[in-house]
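Reader: I'd like a close look at how the aromatic rings pair up, and at the helices packed around them. Could you walk me through that part slowly?

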Amino acid sequence: MEGLIKGLINVALDAVEGAGDREERRNQQTTSQEEEDERSRATWAEVVSSKSNDNQAEPHSTGAAYHRPTSWDRKEEGEGRRKEKWDNDEEKYNKPHHPPRRGQQEESEERKDEDWQTVGNKKQHHPASHGRPQKYEAWQGYKKPASEQNYSEGTLHSINTEPTREELHDLSKACNRLWDLDQNRLVPGKDYEINVGEGKKVYDKGDMAREKLFTWLSDDALRKPTMSRFCALLDNYNPHEGYKEDVTAQDKHEQTSFIEEISRTGPIKYVFRYLVAKGILNCDYEEFKRILISLWFNLYGRGGTSGSSSAFEHVFVGEIKNRGENEISGFHNWIQFYLEEAKGTVDYQGFIFPRRRGELPDSETQVLTVQFEWHGILKSVSSTLIGVSPEFEIALYTLCYFVGREDNQVNLGPYSVNIKCYRMGNDKIGSVFPIAEN
């Protein structure tokens with residue numbers, strides 16, 4: 001009996017000890033899992049931290065300044081950092097939020113040192129095939145007074161910018177001469193590539209472009225002095241039509257230095273000599289520069305508010321009409337299109353079929369009529385000169401304003417174009433843009 005009792009006691013003790021062992025093993029497994037989870041979290045944190053540190057440490061180029069700012073309401077002194085502000089406009093102006101584009105979810109953006117990299121965009125390209133705008137330290141120099149800045153040497157003396165007698169009597173020949181003088185015009189296939197996608201009619205609303213318009217752009221393209229300074233101007237405006245612009249001293253420095261830079265190029269020199277030869281202007285070159293600043297940057301009223309618009313803002317940046325159904329007006333510049341598309345705020349939706357039967361546009365075409373959305377708002381038709389320099393467009397539109405009419409049928413290289421020019425009063429450009437005729 002005593003042996004039986006001892007046996008039962010040993011069995012009971014073994015059972016208790018076994019349970020303890022199992023509990024200890026479970027505890028060890030739990031601890032091991034927690035440690036593994038902690039290591040996983042630590043590893044992920046290190047990855048995120050590493051990426052964040054990489055972003056913060058990303059150097060600025062000290063080469064020719066190029067920056068695509070991301071704000072419409074920067075007005076900051078010192079470092080002049082500009083934050084992306086589309087969402088902030090809702091708070092400041094109580095504008096209604098526009099829904100995402102049809103068939104799309106909300107897009108998110110990942111910043112690298114205030115550069116743009118679109119994440120989750122419908123139309124993606126490998127980063128290497130679609131260069132992102134970058135900010136360079138030298139861009140800050142554009143904020144200095146124009147007299148304290150450095151400029152390019154200007155057009156070589158060997159380039160003839162005197163208008164011929166035939167050109168003085170034929171606006172089309174004069175405009176074609178400007179095309180020939182545009183030394184900074186980019187070359188399709190060499191400096192950039194576009195994918196025009198499929199064509200559509202103006203009233204067709206479907207998206208006929210599976211890819212972005214710009215497949216890639218050379219890293220050096222927007223580092224050209226006139227293009228770089230042009231880019232620096234694009235964030236100086238609130239795109240909502242009818243809201244008074246606040247022009248800072250830095251904005252004025254950027255305007256003056258931009259005009260100074262382009263005044264050293266062939267197209268601007270040609271227009272000056274053309275207008276003087278025609279007797280339309282009677283001034284020296286310095287006064288002509290001041291005329292250009294006034295013509296393109298002086299504010300005027302649009303949308304019922306004085307000081308809310310300018311020729312530069314409307315033609316090159318674009319404006320959003322908020323009366324009734326929202327719509328886009330202006331926005332006729334390829335650089336602004338490229339930058340906004342890279343940022344993710346422009347959705348290219350295909351080219352518009354030519355009015356006349358003829359060749360359809362392709363990757364080599366430099367006069368293109370397109371349809372797109374900007375911040376979810378449709379621009380049903382817009383014509384743009386692709387790859388041309390800012391000085392060419394300023395010269396072309398200034399010449400048509402002073403010499404031409406509302407409709408100006410001209411030739412630009414191989415393209416037949418109607419330069420549509422609308423005036424505001426007697427001394428302002430309301431809008432000006434190309435319409436492809438072939």
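Author: Sure, ring pairing first: two rings of Phe, Tyr or Trp (for Trp, the six-membered ring) make a pair if their centres lie within 6.5 Å, and planes under 30 degrees apart count as stacked, over 60 as edge-to-face and the rest as tilted. This is a predicted model, where local features need pLDDT of at least 70 and side-chain atom pairs count only at pLDDT 80 or more, while totals for chains, interfaces and linings use all residues. Residues are numbered from 1 along each chain as its sequence is written, and side-chain values use heavy atoms, with hydrogens and water left out.

The structure has 28 aromatic pairs. Take Phe312 and Phe316: their ring centres sit 5.1 Å apart with the planes at 55 degrees, so this pair is tilted. Both belong to helix α9, residues 311–317, and because they are 4 residues apart there, about one helical turn separates them. (Helices are DSSP runs of H or I with at least four residues, strands are runs of E with at least two, and both are numbered from the N terminus.) Phe312 and Phe316 are each buried, meaning under 20% relative accessible area, with exposed being over 50% and partly exposed in between (1.4 Å probe, protein chains only).

Elsewhere, one aromatic cluster is made up of Tyr192, Phe214, Phe331, Trp334, Phe337, Tyr338, Tyr348, Phe372 and Trp374.

Back to α9, which also turns up in the surroundings of helix α5. The buried residues of α5 pack against α9, along with α6 (249–262), α8 (285–297), α10 (334–343) and α11 (390–403), where contact means heavy atoms within 4.5 Å. Helix α5 spans residues 225–233, and 8 of its 9 residues are buried, so the rest of the structure largely encloses it. Those buried residues are Thr226, Met227, Ser228, Arg229, Phe230, Cys231, Ala232 and Leu233.

One of those neighbours, α8, holds Ile291. That residue is partly exposed at 22% relative accessible area. Leaving aside residues up to four places away in sequence, Ile291 touches Leu281, Cys283 and Phe402.

Phe402 also takes part in the packing of α11 on helix α7 (residues 266–277). The axes of α7 and α11 come within 8 Å and cross at roughly 15 degrees; axes here are lines fitted to C-alpha atoms, for helices over the stretch in contact, and the angle, from 0 to 180 degrees, is taken between N-to-C directions. The two helices are therefore roughly parallel, as angles under 35 degrees count that way, over 145 as roughly antiparallel, 65 to 115 as roughly perpendicular and the rest as oblique. From α7, the contact uses Pro267, Ile268, Val271, Tyr274 and Leu275, and from α11 it uses Glu391, Phe392, Ile394, Ala395, Thr398, Leu399, Phe402 and Val403.

Helix α4 has both of those helices as neighbours: its buried residues pack against α7 and α11, and also α3 (165–168), β13 (407–412) and β14 (415–424). In α4, 8 of the 11 residues are buried, so it too is largely enclosed by the rest of the structure. Trp179 is one of the buried residues of α4, and Arg185 lies over the face of its ring, 4.0 Å from the centre; that label needs NZ of Lys or CZ of Arg within 6 Å of the ring centre and within 35 degrees of the ring normal.

To zoom out, the chain has 11 helices and 15 strands, and 49% of its 438 residues are buried.
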